[in-house]
Amino acid sequence: QVELVDYGGGLVQPGGSLRLSCEYSGSIFNIGDMGWYRQFPGKERELVASITSGGSTDYADSVKGRFTISRDTYRNTMYLHMNSLRPEDTAVYYCNAEGAYPYLGMVYWGKGTLVTVSS
């Protein structure tokens, strides 16, 4: 069974930086595409950034040029480097992963880590 553990959130000043991490259990071959989502109070989760098993990335317009998603496949870890943080980035950030064969169709979530951008 795949387990995701996301962490690295905290309090940061506007303009500051944070790195979020997501570690996953099991074989690296169990995981396909991955991504980071965030959720504001009373809102649906929204995709922040995604990365395929081949390393292709995509970003929400609101974070382009400021956030960088990456993965270290052999350490079973995905990262989100966040720069030039703004108060409106404050949210709970969730690690997400899709299963690869033989776990096609499975979706996994971390528990979430809170990022607060405030002076």
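Visitor: Which residues are linked in a network of salt bridges?

Guide: In this predicted model, the network links Arg-38, Glu-46, Arg-66 and Asp-89. Searching the whole structure gives 5 salt bridges.

Visitor: What makes Glu-46 and Arg-38 a salt bridge?

Guide: Their side chains meet at 3.3 Å, N to O. The cut-off is 4 Å, from a side-chain nitrogen of Lys or Arg to a carboxyl oxygen of Asp or Glu. The pair therefore qualifies.

Visitor: How do you know whether Arg-38 is buried or exposed?

Guide: Its relative accessible area is 4%. Buried means under 20%, so Arg-38 is buried. Glu-46 has 30%. That value lies between 20% and 50%, so Glu-46 is partly exposed.

Visitor: What about Arg-66 and Asp-89: what makes them a salt bridge?

Guide: Their closest N and O atoms are 2.8 Å apart. With the limit at 4 Å, the pair therefore counts. This pair links distant parts of the chain, 23 residues apart. Arg-66 is in the loop between E6 and E7, and Asp-89 is in the loop between E8 and strand E9 (91-99).

Visitor: Why are Arg-66 and Asp-89 called buried?

Guide: Arg-66 has a relative accessible area of 7%. Asp-89 has 1%. Each value is under 20%, so each residue is buried.

Visitor: Asp-61 forms a salt bridge with Lys-64. Is Asp-61 buried or exposed?

Guide: Asp-61 is exposed, because its 66% is over the 50% mark. Lys-64, at 48%, is partly exposed. The closest N and O atoms of the two are 3.1 Å apart, within the 4 Å limit.

Visitor: How do you know that Asp-6 has no salt bridge?

Guide: The nearest side chain of opposite charge is Arg-45, 7.6 Å away. The limit is 4 Å, so that pair does not count. Asp-6 is nevertheless buried.

Visitor: What does the side chain of Asp-6 reach?

Guide: It reaches the backbone nitrogen of Cys-95 at 3.0 Å. It also reaches the backbone nitrogen of Lys-111 at 3.3 Å. Both distances are within 3.5 Å, so both meet the distance cut-off for a polar contact. Beyond four places in sequence, the contacts of Asp-6 include Trp-36, Tyr-94 and Gly-110.

Visitor: Where does Asp-6 lie?

Guide: Asp-6 is in strand E1, residues 4-7. Leu-4 and Asp-6 make up the covered face of E1, while Val-5 and Tyr-7 are on the uncovered one.

Visitor: How do you know that E1 and E3 pair?

Guide: They share 4 bridges, in the antiparallel sense. Pairing needs at least two bridges, so E1 and E3 pass. Leu-4 stands opposite Tyr-24 in E3.

Visitor: How many bridges join E3 to E8?

Guide: There are 6, between E3 (residues 18-24) and E8 (residues 77-82). At least two are required, so these strands pair too. Leu-20 has Leu-80 as its bridge partner in E8.

Visitor: What makes E1 an edge strand?

Guide: The open sheet has the order E1-E3-E8-E7. E1 and E7 (67-72) each pair on one side only.

Visitor: Why is Tyr-59 called buried?

Guide: Its relative accessible area is 18%. That is under 20%, so Tyr-59 is buried. Tyr-59 is found in strand E6, residues 57-59. A polar atom of its side chain lies 2.9 Å from the backbone nitrogen of Ile-69.

Visitor: And what makes Asn-30 buried or exposed?

Guide: Asn-30 has 14%, which is under 20%, so it is buried. It lies in the loop between E3 and strand E4 (31-39). Its contacts beyond four places in sequence include Val-2, Glu-98 and Tyr-103.

How values were computed:
Residues numbered from 1 in each chain as written. Predicted model: local features only at pLDDT ≥ 70, side-chain atom pairs only at ≥ 80, totals over all residues. Heavy atoms only, no water. Buried < 20%, exposed > 50% of the residue type's maximum accessible area, 1.4 Å probe, protein only. Lys, Arg positive; Asp, Glu negative; His and termini not counted. Polar contact = N/O pair within 3.5 Å; in protein donor to acceptor, adjacent residues only side chain to side chain. Contact = heavy atoms within 4.5 Å.
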